[in-house]
Amino acid sequence: STRLLSLLTCGLLAGCGTVAEPQLPPPHSAAVASAPLTHADCERLAFASAPTAAAFTARRLAAEAQLRAASAWANPTLSPAWENLGLGRMVAEQTISLGIPLAPLFTRSLQVAAAERDQEASAADLQRERQLLAISVRTAYDQLVAARQRVEVLQQIRALRERELAATRKLAAAGVEPNADADKAVAAVLEAQIELDAEQDAAARQQIAFCFALGFERPTPLLLAEPMSESPAPP
């Protein structure tokens with residue numbers, strides 16, 4: 001009957017699940033960088049950034065969907081039919097056949113096993129990418145620490161050149177040293193300033209690149225709480 005057909009159709013539709021659309025995290029705000037950041041803090045920020053989280057989530061959901069599709073039974077097919085028995089206009093026989101494909105029944109175990117292997121391989125690839133991302137974050141962290149240390153050294157060198165210039169000018173004014181030495185000291189100060197400006201620009205560019213790599217919405221001053229990582233001992 002029509003009522004039986006409707007009940008079977010509703011039962012089939014009830015087995016269909018809904019797919020929840022993943023929600024991407026927003027970019028990190030400047031408030032996240034209000035406290036000094038460690039290597040581990042930067043790793044967590046990189047893992048939680050919107051592009052990285054979206055890529056990891058999409059690959060994980062794709063592997064899970066493939067496994068669910070391989071584990072699910074094939075949908076049966078309904079074939080209603082009506083046959084006139086020849087006993088009058090109102091006398092007829094109604095039949096409903098429920099068919100299931102046989103091929104998926106015999107290959108289902110193989111498909112599930114293959115999907116499970118694919119999911120394990122996908123999980124291993126994601127774990128490897130997470131490890132590579134962690135290494136990249138630590139490398140960028142150390143490079144920024146090294147750049148800031150070079151800036152500090154060049155600031156000390158410039159201060160030393162300025163003190164040398166002041167002493168040379170006093171000696172030249174007293175007639176102890178020629179004015180040429182004072183000119184050389186001025187050139188040394190200018191050279192130290194040029195090197196300092198170049199290193200400060202390089203450190204600023206590294207910080208901007210590191211901010212966007214961690215998932216900040218805009219360039220943000222970063223306070224680094226740890227020194228450079230120690231190099232591992234050679235095997």
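A disulfide is taken here as a pair of cysteine sulfur atoms within 2.5 Å. Good morning, colleagues. The structure before you is a predicted model, and by that rule it holds 0 disulfides.

Let me begin with the cysteines. Cys42 takes part in no disulfide, and the nearest cysteine sulfur, belonging to Cys211, is 9.2 Å away. Seen from the other side, the closest cysteine sulfur to that of Cys211 is in Cys42, and 9.2 Å is too far for a bond, because the cut-off is 2.5 Å. Are these two residues buried or exposed? Cys42 has a relative accessible area of 0% and is therefore buried. Cys211 is likewise at 0% relative accessibility, so it counts as buried.

I turn now to the surroundings of Cys42. Which residues does Cys42 touch, leaving aside those up to four places away in sequence? They are Leu37, Val137, Tyr141, Phe210 and Leu214. Cys42 also belongs to the largest nonpolar core, which has 15 residues. Within that core, Cys42, Phe210, Leu214, Phe216 and Leu222 touch the most other members. Helix 2 (39-48), helix 4 (103-173) and helix 5 (179-214) each contribute at least two residues to this core. The most, 4 residues, come from helix 4. Another core lies apart from this one; it comprises 5 residues, including Ala147, Val151, Leu154 and Ala203. As general background, nonpolar side chains in soluble globular proteins tend to be buried together.

Next, the packing of helix 2 against helix 5. Their axes come within 7 Å and cross at roughly 55°. The two helices are therefore oblique to each other. Which residues form the meeting point of helix 2 and helix 5? On the helix 2 side they are Cys42, Leu45 and Ala46, and on the helix 5 side Phe210, Ala213 and Leu214. Sorted by class, this contact has 6 nonpolar residues, with no polar and no charged ones. Cys42, Phe210 and Leu214 thus appear both in this contact and among the core residues that touch the most other members.

Finally, I should like to consider Arg218, which lies in the segment after helix 5. Its relative accessible area is 48%, so Arg218 is partly exposed, the upper limit of that class being 50%. Not counting residues up to four places away in sequence, Arg218 touches Cys211 and Phe212. Cys211, as noted, is buried. The C-alpha atoms of Arg218 and Ile208 are separated by 8.3 Å, the two residues being 10 apart along the chain.

Thank you for your attention.

Technical notes. Residues are numbered from 1 along each chain as its sequence is written. This is a predicted model: local features need pLDDT of at least 70, side-chain atom pairs count only at pLDDT 80 or more; totals for chains, interfaces and linings use all residues. Side-chain values use heavy atoms; hydrogens and water are left out. A nonpolar core is a set of buried Ala, Val, Leu, Ile, Met, Phe, Trp, Tyr and Cys residues joined through side-chain atoms within 4.5 Å. Buried means under 20% relative accessible area, exposed over 50%, partly exposed in between (1.4 Å probe, protein chains only). Contact means heavy atoms within 4.5 Å. Axes are lines fitted to C-alpha atoms, for helices over the stretch in contact, and angles run from 0 to 180 degrees between N-to-C directions. Angles under 35 degrees count as roughly parallel, over 145 as roughly antiparallel, 65 to 115 as roughly perpendicular and the rest as oblique. Ala, Val, Leu, Ile, Met, Phe, Trp, Tyr, Cys and Pro count as nonpolar, Asp, Glu, Lys and Arg as charged, and the others, Gly among them, as polar.
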